[in-house]
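Here's a quick tour of a protein model, written for someone who'd rather be at the bench. Have a look at the fold, then read on.

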Amino acid sequence: MNHISRPPQPPRIRHLASDLRALRKARGMTLAELAARLGRSLGWVSQVERGISSPAIADLRALATVYGVPLSLFFANDDGPEAERGVIVRAVGRRRLGSSDTGLVEELLSPDLGGSFEILRSEFAPGAALDKPSLRATEEAGYLVSGRFEIEIDGVWHALREGDSFRFREKPFRWRNPGTVPAVVIWVVSPPVY
C-alpha cells in the first residue's frame with residue numbers, strides 16, 4: 001500500500017489550524033455545526049483544522065464573524081527562529097486585537113490559543129467602558145500594570161490601583177477606565193476565548 005507523504009505545513013498554517021480548533025471547542029461547536037454556519041463541507045472544515053488546507057482570506061473573514069473575533073487574530077508573526085515558534089512571543093511579534101476606536105486594544109501574549117488558557121495585554125483608553133455585563137464560561141484573572149481600572153464582578157464594583165489583581169469564574173463582569181491615561185491589564189482567560 002503506497003502512502004502519499006505530504007510536505008510539512010509551514011508553522012503559520014499549523015498555528016492557525018490549532019487556533020481555529022481551539023476557538024471552535026471553546027464555543028462548544030461541532031465540526032458539522034461550524035460547516036453549516038460557514039456554508040462549507042465538513043471535510044473542508046476538518047482539513048483546515050488539521051492544517052491540511054489553508055483557508056482563503058474570505059474564509060478567515062467568515063470564521064472571524066462566526067467566532068466574534070477580529071480578523072487580525074488569524075495573522076501570526078512566524079519570523080522568529082524555529083525553536084521559539086509556539087513557545088516564545090517576542091514583543092514585536094505579538095498579535096494585535098481590536099482597535100483604538102473601541103477603547104480597548106489587546107495583544108495576545110500566548111503563542112497560540114491551543115493551550116488551556118490565554119494571556120492578553122489589554123490596554124483600556126481613558127474613559128473607555130464595557131457598558132453591558134459580559135458572561136462567559138471561563139475563569140479569568142488580571143493584574144493592573146498601570147493606570148486606573150474599575151471592574152464590576154457579579155454586580156459589585158471594585159476600584160483597582162497599579163499592582164492590584166483580580167480573579168473570577170463564570171460571573172457577569174464589566175469594566176471601565178475612569179482615569180485620564182490608558183490602563184494596562186495583563187488578563188488571563190481559561191479556556192481561551194479569542
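## A glycine after α3

Let's start with G51, which follows helix α3 and has a positive phi, near 80°. Helix α3 itself covers residues 42-49, and its buried residues are W44, V45, S46, V48 and E49. Note that this list takes in S46 and E49 alongside W44 and the two valines, V45 and V48.

## The big picture

Keep in mind that this is a predicted model. Confidence averages a pLDDT of 86, and 89% of the residues score at least 70. The stretch to take with a pinch of salt is residues 1-8, where pLDDT stays under 50. For that stretch the model has 1 contact beyond four places in sequence.

The protein has 4 helices and 9 strands. Walking from the N terminus, you pass through the helices and then the strands, in the order α-α-α-α-β-β-β-β-β-β-β-β-β. Of the 194 residues, 39% count as buried. Among contacts with a separation of 6 or more, 61% come from residues 24 or more positions apart.

## Where two helices cross

How do α2 and α4 meet? The axes of α2 (residues 31-38) and α4 (residues 57-67) come within 10 Å and cross at roughly 115°, and the crossing is right-handed. On the α2 side the contact uses L34, R37 and L38, while α4 brings A62, L63, V66 and Y67. Sorted by type, the residues of this contact come out as 6 nonpolar, no polar and 1 charged.

## The nonpolar core

Which residues touch the most other members of the largest nonpolar core? Out of its 41 residues, they are Y67, L73, F74, F149, I151 and W187. Helix α4 gives the most to this core, with 5 residues. Y67 also turns up in the contact of α4 with α2.

L73 is worth a click in your viewer. Leaving out residues up to four places away in sequence, L73 touches L23, R95, L97, L108, L113 and Y194.

## L144, out of sight in β4

Is L144 buried or exposed? This leucine sits in strand β4 (residues 139-146), and it counts as buried because its relative accessibility is 0%, with the cut-off for buried being under 20%.

Its neighbours beyond four places in sequence are F149, L160, R161, E162, G163, D164, A183, V184 and V185. F149 is also one of the core residues that touch the most other members. As for R161, it is 17 residues along the chain from L144, and their C-alpha atoms are separated by 6.8 Å.

## Backbone oddities

Most residues other than glycine have a negative phi, and most peptide bonds are trans. With that in mind, a few spots deserve a second look. D154 is not a glycine, yet has a positive phi of about 55°; it is found in the loop between β5 (149-153) and β6 (156-160). E170 is another non-glycine with a positive phi, about 45°, and its place is in the loop between β7 (165-169) and β8 (173-176). D154 counts as partly exposed because its relative accessibility is 46%, and E170 counts as partly exposed at 44%.

Then there's the peptide bond joining S190 and P191, which is cis, with omega about -5°. P191 lies in the segment after β9 (183-190).

Key
Residues numbered from 1 in each chain as written. Predicted model: local features only at pLDDT ≥ 70, side-chain atom pairs only at ≥ 80, totals over all residues. Heavy atoms only, no water. Axes fitted to C-alpha atoms, helices over the stretch in contact; angles between N-to-C directions. Left-handed = near helix turned anticlockwise from the far one by under 90°. Contact = heavy atoms within 4.5 Å. Nonpolar A, V, L, I, M, F, W, Y, C, P; charged D, E, K, R; others polar. Core = buried A, V, L, I, M, F, W, Y, C linked by side-chain atoms within 4.5 Å. Buried < 20%, exposed > 50% of the residue type's maximum accessible area, 1.4 Å probe, protein only. pLDDT = per-residue confidence, 0-100.
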